[in-house]
Amino acid sequence: MTPLLSVRGLSVRFRMPHGRHVAAVSDVSFDLAAGECLALVGESGCGKSVLTGALLGLLPANAQTRGSAVLPPDDQHAAPVDLLTVGERALARTVRGRRIGLVPQSPAAHLTPVRTVRAHLGETVRALTGTRRDALPPAVAAAAERAAFPADHLGHHPHQLSGGLAQRAATALALVGDAPLLLADEPTTGLDRDLVDRTVAGLRRHADEGRGLLVITHDLAAAARIADRVAVMYAGRIVELADAAAFFGTPGPRHPYAAGLLAALPERDFTPIPGLPPELDALPGGCAFAPRCARADAACAARPPLDGGVACHHATAPEAADA
Amino acid sequence: MLELTGITAGYDRGRPVVRDMSLAVADGEALGLLGPSGCGKSTLARVAALLHTPWAGSVRLAGETVTGHRFRAPRHQRTAIGVVFQQPRLAADPRLRLRDLIAEPARATGRGRELADRAAALADAAGLGAELLRRRPHEVSDGQLQRACLARALLLRPRLLICDEMTAMLDASTTAALVALVEDYRKEQGAALLAVGHDRVLLGRWCDSVREWDGDGNPAGAELLTQE
């Protein structure tokens, strides 16, 4: 089956003053199929959100991208679309909202503070579907209902919404264009457990309805409940790509970093990984995790490729992570 | 160490966010306060931190009744409490380098020179190297900034540490690292802890006991979850 999104060798570098470069994303490759949820997990600052920005063409002007991120042909497009090269005009007219919906981080801050949820939805419905003004009220009500946003709150401004309702308003906006692919950037950050459960269930429902869902999160508990596959990012690279059931259950993570991240959960060992992630403008030449890894050896001086779903020569067998 | 009795608190003329709430944290005790968003737990934490004046009720700190909040609280009471907030970006002066951010309470109390070594030791314990200490908040990650904010809260050796959703924005490893730093400090100084949050598993693992609130700003009965 053709994937909904096919990312190959995606790298993002930021040009900084004094000739510095920040390698925010390096050589990332993955596929995302319809009805599938891929969770991209990792520590803050590992490049997860930059990846979302790259896919939607929302990076600042000093960003340089390499590689490809291809959407397959569909009813409206005879040829595949490479998101990295297609240009701002095409992204704005044919991709954002129409082929890729974004559920942003901090939805309350993402909404315009002086406009009601009804005004937000109305504008989006008109822009994406061409609905006439007189047909807007029922279309707005239907859009709100798809994300279970209560109709009696449509007249509220963003600051009058709880975290959960702001999340649903943002999801409703992302669903207006019936995009087959949804990106959710830290959808559960700062929410309490009940809201996390509801948000996760809502997003999962959209995947079950046949959408592709890319969830970017540092909340491993939420990732365990929503994802079919997990990609663990460290210092801008995917270091492990695995089935979620195997990753969170048995045999568990295979990369030492992924194992450390999971072990840090309070329901597990609750022990942190020693040290801090490397700065992205001064990455070590070999394995970026080696300075923090208890099992580092001379072979870690060479950068390990993502081979068989894991980028570490220690982790050839699933049991290796438990050693 | 901390006794809150019959606290009612709110904002402006709205209905109170916290109604007739009482709570006590003994010397050296770690108490978790668990509840959903909007239940009033952060307001109660702000009252306990002497940052918000309650409408009714009394606050006692180390056996002494608190007579004023914010700048009206006597210095020895203010400096007995260290506070870490949920969002480090809102709690850090964007103009300060991390080194100066950590040393802020020492300068504010005129003890900059005396506490210089301690500030450096805390930065080291928080995993912040010399290069990071030269940076300003916009040049570091949330996790790195929260490490600096925690070091700042521990600088004056508070006898009570209040952590209001300290780790809600952070990943699992940074969360475990910050909790370990707090626990090392508490072991060394015998300080009390009031940890506010909505992660039942985290608070259960971290604190001696956990008190749960319902969504109405009231304690949910007398439910206490005690660590095994």
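**Reading domains, sheets and an interface in a two-chain model**

Mentor: 29 Å separate the centres of domain 1 and domain 2 of chain A, taken over C-alpha atoms. The model is a predicted one.

Trainee: Into which residue ranges is chain A divided?

Mentor: Domain 1 of chain A covers 5-99 + 179-322, and domain 2 covers 115-177. The contact between these domains draws on 11 residues from domain 1 and 10 residues from domain 2.

Trainee: Which element gives the most to the side of domain 1 of chain A that touches domain 2?

Mentor: Helix H7 (residues 193-208) of chain A does, with four residues. By class, that side of domain 1 of chain A has five nonpolar, four polar and two charged residues.

Trainee: How many residues does each chain give to the contact between chain B and chain A?

Mentor: First, the general idea. The size of an interface is often given as the accessible area lost when the parts come together. Here a residue count serves: 25 residues from chain B and 25 residues from chain A take part in the contact. On the chain B side, the elements that give two or more residues are helix H7 (142-154), helix H8 (172-189) and helix H9 (200-206) of chain B. H8(B) supplies the largest share, seven residues. The side of chain B that touches chain A divides into 10 nonpolar, 10 polar and five charged residues.

Trainee: How many helices and strands are there in chain B, and why is chain B described as being as compact as a globular protein of its length?

Mentor: Chain B has nine helices and 10 strands. Its radius of gyration is 17 Å, close to the 17 Å that the globule rule gives for 228 residues, so chain B is as compact as a globular protein of that length. The C-alpha trace of chain B spans about 50 × 35 × 35 Å along its principal axes. Of the 228 residues in chain B, 49% are buried. Among contacts in chain B with a separation of 6 or more, 69% are between residues 24 or more positions apart.

Trainee: What is the strand order in the open sheet of four strands in chain B?

Mentor: The general idea is short. Strands of a sheet pair through backbone hydrogen bonds, either parallel or antiparallel. In this sheet of chain B, the order is S2-S1-S4-S5, with antiparallel pairing. Strand S2 (18-25) and strand S5 (64-65) of chain B each have a single partner strand and stand at the edges, so one side of each lacks a neighbour in the sheet. Strand S1 (residues 2-9) of chain B pairs with S2(B) over five bridges, in the antiparallel sense. Ala9(B) has Val18(B) in S2(B) as its bridge partner. Helix H1 (residues 41-48) of chain B lies across S1, S2 and strand S4 (56-61) of chain B, at about 125° to S1(B).

Trainee: Do S3(B) and S9(B) pair in the parallel or the antiparallel sense?

Mentor: Strand S3 (residues 30-34) of chain B and S9(B) pair in the parallel sense, over four bridges. Leu31(B) has Ser209(B) in S9(B) as its bridge partner. Strand S9 (residues 209-213) of chain B is mostly covered, with four of its five residues buried.

Trainee: Which residues of H10(A) are buried, and what covers them?

Mentor: Helix H10 (residues 256-263) of chain A has seven of its eight residues buried. These are Pro256(A), Tyr257(A), Ala258(A), Ala259(A), Gly260(A), Leu261(A) and Leu262(A). Their cover includes helix H8 (220-226), strand S9 (229-234) and strand S10 (237-243) of chain A, together with H8 of chain B.

How values were computed: Residues numbered from 1 in each chain as written. Chains lettered and ligands numbered in written order. Predicted model: local features only at pLDDT ≥ 70, side-chain atom pairs only at ≥ 80, totals over all residues. Domains from an automatic or database assignment. Contact = placed C-beta atoms within 7 Å. Nonpolar A, V, L, I, M, F, W, Y, C, P; charged D, E, K, R; others polar. Rg over C-alpha atoms; globule rule 2.2 N^0.38 Å. Buried ≥ 20, exposed ≤ 12 C-beta atoms within 10 Å, placed from the backbone. Pairing = 2+ DSSP bridges. Axes fitted to C-alpha atoms, helices over the stretch in contact; angles between N-to-C directions.
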